[in-house]
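Student: I am new to this structure. Please take me closely through the strands, then show me what lies around them.

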Number of protein chains: 2
Amino acid sequence: MEKKTTIYDIAKKLGITGATVSRALNNNPKISKATKALVLKTAVEMNYEQNKLALALKSGKSFNVGVVVPRIDMIFFASIIRAIEDELAPHGYHIIICQTHDDEEKENKYLDTLLNAQVDGILISSSNKKTKPFNRVLLKNIPLVFFDRKQVMNGVSSVTIDDFDGAYKATKHLIMEGYTRIAHFSGNRDIDIYKNRFLGYKQALIDHDIKFSTNYVIQTPSNTVAGRQALKQLLKLKQAPDAIFSASDLAALGAIQELKQHSIKIPDEFAVVGFSNEPFTKFMEPSISTVDQSPLKMGEIAAQVFLQQVSNSSGKKVKKNIILPPELIIRKSSSKLSN
Amino acid sequence: MEKKTTIYDIAKKLGITGATVSRALNNNPKISKATKALVLKTAVEMNYEQNKLALALKSGKSFNVGVVVPRIDMIFFASIIRAIEDELAPHGYHIIICQTHDDEEKENKYLDTLLNAQVDGILISSSNKKTKPFNRVLLKNIPLVFFDRKQVMNGVSSVTIDDFDGAYKATKHLIMEGYTRIAHFSGNRDIDIYKNRFLGYKQALIDHDIKFSTNYVIQTPSNTVAGRQALKQLLKLKQAPDAIFSASDLAALGAIQELKQHSIKIPDEFAVVGFSNEPFTKFMEPSISTVDQSPLKMGEIAAQVFLQQVSNSSGKKVKKNIILPPELIIRKSSSKLSN
DNA sequence: CTGTTAGCGCATTCAC
DNA sequence: GTGAATGCGCTAACAG
């Protein structure tokens with residue numbers, strides 16, 4: 001059970017005082033070259049390591065930031081976190097991970113424990129319906145940045161993607177490829193992102209003089225079984241669609257599986273576009289067109305916004321609401337020309 | 001700029017002393033019901049929150065553990081981390097994430113900063129060739145657990161999977177399905193996991209009286225292009241193989257793409273088994289047989305081993321080297337019977 | 001039951 | 001240039 005060496009240990013050994021050691025270690029200008037060198041040398045010899053905890057207590061800066069997501073093993077969130085860590089690590093910050101599992105109560109609990117842990121900031125993709133839990137964060141004046149799913153709050157920054165735009169681009173692409181009866185697999189439209197994807201889809205139709213029909217909109221969970229089911233339902237319509245824009249890649253995959261079963265040719269007879277650019281969409285046969293949400297960019301920017309908040313010590317809050325443009329990735333499932 | 005309220009703030013307000021407040025807050029037995037209730041009440045009123053940093057400094061326990069992985073946006077590691085977080089959170093621990101990007105120097109730096117941050121433990125999938133950097137960790141007597149990629153060190157626990165066994169099972173499965181000319185895509189065999197997968201493959205052949213041929217073993221990076229390339233090479237052999245066990249799912253996918261191009265029927269004329277159970281393997285057409293590494297189990301157990309180390313205050317280290325059995329997942333790419 | 005004191009490890013103000 | 005003293009917020013040992 002090795003005892004950790006403190007500045008006092010090395011002070012005693014050198015017959016000097018802790019303050020001097022501290023100064024030597026921190027490149028304090030008023031210190032003699034000689035003692036500084038001596039201190040540095042013995043510090044190494046004694047395996048000294050600074051106790052960041054003590055520093056944090058004294059300075060009020062822990063150099064920890066909390067990152068809260070629904071779950072970390074969804075590639076979208078994992079990518080965001082990867083980018084956040086890559087961006088923040090060089091600045092000396094550590095990332096504390098919290099998973100809410102979409103549980104509001106859990107999220108609130110995490111918010112509290114992060115506050116207790118004296119984090120220097122919180123970056124969060126919130127599952128919360130209320131903004132109240134965040135008031136405590138703001139009250140303590142610690143930087144708060146929403147990403148992906150935001151809360152509308154005074155003076156709080158956010159980084160999201162333009163779901164409306166992504167859906168609009170996807171739908172427009174289908175129209176341009178010559179498809180005219182375009183259906184939509186929607187998620188739960190009580191959630192902003194799905195509502196906006198729906199609205200983008202609808203607007204694209206309207207803007208191109210294609211009549212919008214509620215028959216063509218089906219709410220499906222994000223899995224293949226639901227996608228197959230939904231497609232089956234669409235095929236039963238007297239006027240069956242010839243394309244689908246799905247708000248989820250998995251549902252899109254389900255649709256494709258069902259189309260194959262019916263020997264409907266993709267993309268010649270039927271086109272499919274998904275959403276999220278899940279890794280598998282690239283590998284499938286046919287590869288699936290989808291909308292990329294640029295999670296790396298999102299994480300990077302969220303981290304940068306945080307860094308600005310902390311560096312900007314001028315007291316007045318900088319609020320930024322950054323909306324990233326999603327990128328339509330055209331693959332075989334929706335393009336007769338693409339390879 | 002709200003000032004954080006401390007126990008002294010509430011002590012002053014109540015005309016009592018900080019120690020009493022502390023006791024009230026910590027359910028100390030010797031305290032009157034009345035003052036306790038009063039303290040609790042005003043604590044809430046004043047928005048008091050315990051400063052864990054001060055507690056950590058005092059107690060020597062930060063309730064933070066460092067988790068070090070090559071990168072977090074690989075689903076295998078993300079899943080492990082998910083499980084670790086789920087397991088440790090109920091015990092009050094926070095997870096600090098570090099990505100090494102397979103950079104040895106970065107890993108060592110992280111080890112140091114985690115030590116400085118006074119973490120209570122370190123769980124790591126190491127990219128290190130040396131064990132020396134870990135000596136500092138052991139010297140400070142903080143629990144260290146290796147997962148996935150282990151270092152062989154005295155008194156250090158590890159949780160890994162049995163790569164040999166996984167490869168053996170996969171190869172044996174191909175043999176049982178009637179394939180006789182089984183090739184192997186190997187990773188870099190300087191790395192333990194790839195060496196063991198190779199050895200498992202080889203042993204399965206030997207045990208079933210199938211002659212092993214170095215012509216059938218190709219070292220390929222983990223990507224589809226390399227897989228296609230490698231398969232092309234195999235098809236040129238006078239005696240081409242009729243099955244492949246690939247140490248990576250992506251190389252397996254490449255092989256399948258190439259087989260399709262050559263109109264070779266899977267699994268009738270040629271079978272493929274991958275390794276890792278990447279999400280896409282399930283969705284492909286045909287779905288790809290593979291070896292699951294049970295990352296959730298691995299993370300869960302790594303976390304449990306850590307918890308045992310900390311709880312076991314008896315001073316003597318408990319060393320555990322747990323080797324998880326991998327699970328062969330049989331799908332269409334290698335089984336004429338499976339659906 | 002409650003107050004007093006001390007110390008976790010560090011940086012910093014004030015003397016000298 | 002260096003030492004002495006102080007406090008960050010908390011808990012625990014010792015009094016009373």
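Tutor: We start with the strands inside one chain, cross to the partner chain, and finish at the DNA.

This is a predicted model, so local features need pLDDT of at least 70 and side-chain atom pairs count only at pLDDT 80 or more, while totals for chains, interfaces and linings use all residues. Residues are numbered from 1 along each chain as its sequence is written, with chains lettered from A and ligands numbered from 1 in the order in which they are written.

Helices (H or I, at least four residues) and strands (E, at least two) are DSSP runs, numbered from the N terminus. Two strands pair if DSSP finds at least two bridges between them. Strands of a sheet pair through backbone hydrogen bonds, either parallel or antiparallel.

Look first at the open sheet in chain A. Its 4 strands run in the order β7-β6-β8-β9, with parallel pairing. At the edges sit β7 (217-219) and β9 (271-273) of chain A, each pairing on one side only. From one strand to the next, the twist averages 15 degrees. Angles run from 0 to 180 degrees between N-to-C directions, and axes are lines fitted to C-alpha atoms, for helices over the stretch in contact.

Now zoom in on one pair. β6 (182-186) and β8 (243-246) of chain A are joined by 4 bridges. A:His184 has A:Phe245 of β8(A) as its bridge partner. Helix α8 (163-176) of chain A packs on this sheet and touches β6, β8 and β9 of chain A. The direction of α8 makes about 170 degrees with that of β8(A).

Another parallel pair is found in chain A. β3 (121-124) joins β4 over 3 bridges. Here A:Leu123 stands opposite A:Val145. In a regular strand the side chains alternate between the two faces of the sheet. Is β4 of chain A covered or open on its two faces? Both faces are covered: A:Leu144 and A:Phe146 are buried on one side, A:Val145 and A:Phe147 on the other. Buried means that 20 or more other C-beta atoms lie within 10 Å of the residue's own; 12 or fewer is exposed, anything in between is partly exposed, and C-beta atoms are placed from the backbone.

Next, cross to chain B. β2 (94-99) of chain A and β2(B) pair in the antiparallel sense over 3 bridges. A:Ile97 has B:Ile95 as its bridge partner. Across the wider interface, 40 residues of chain B are in contact with 40 of chain A; contact means C-beta atoms, placed from the backbone, within 7 Å. On the chain B side, α4, α5 (75-88), β2 (94-99), α6 (104-116) and α12 (279-283) each supply at least two residues. The largest share, 7 residues, comes from α5(B). That side holds 20 nonpolar, 9 polar and 11 charged residues. Ala, Val, Leu, Ile, Met, Phe, Trp, Tyr, Cys and Pro count as nonpolar, Asp, Glu, Lys and Arg as charged, and the others, Gly among them, as polar.

Last comes the DNA. Of the 25 residues around DNA strand C, A:Thr6, A:Ala19, A:Asn51, A:Ala54 and B:Ser32 come nearest. A residue is near a strand if its C-beta atom, placed from the backbone, lies within 6 Å of it. α2 (18-25) and α4 (52-59) of both chain A and chain B each supply at least two residues of that surface. α2(A) gives the largest share, 5 residues. By class, the surface has 10 nonpolar, 10 polar and 5 charged residues.

Note on methods:
Contact = placed C-beta atoms within 7 Å.
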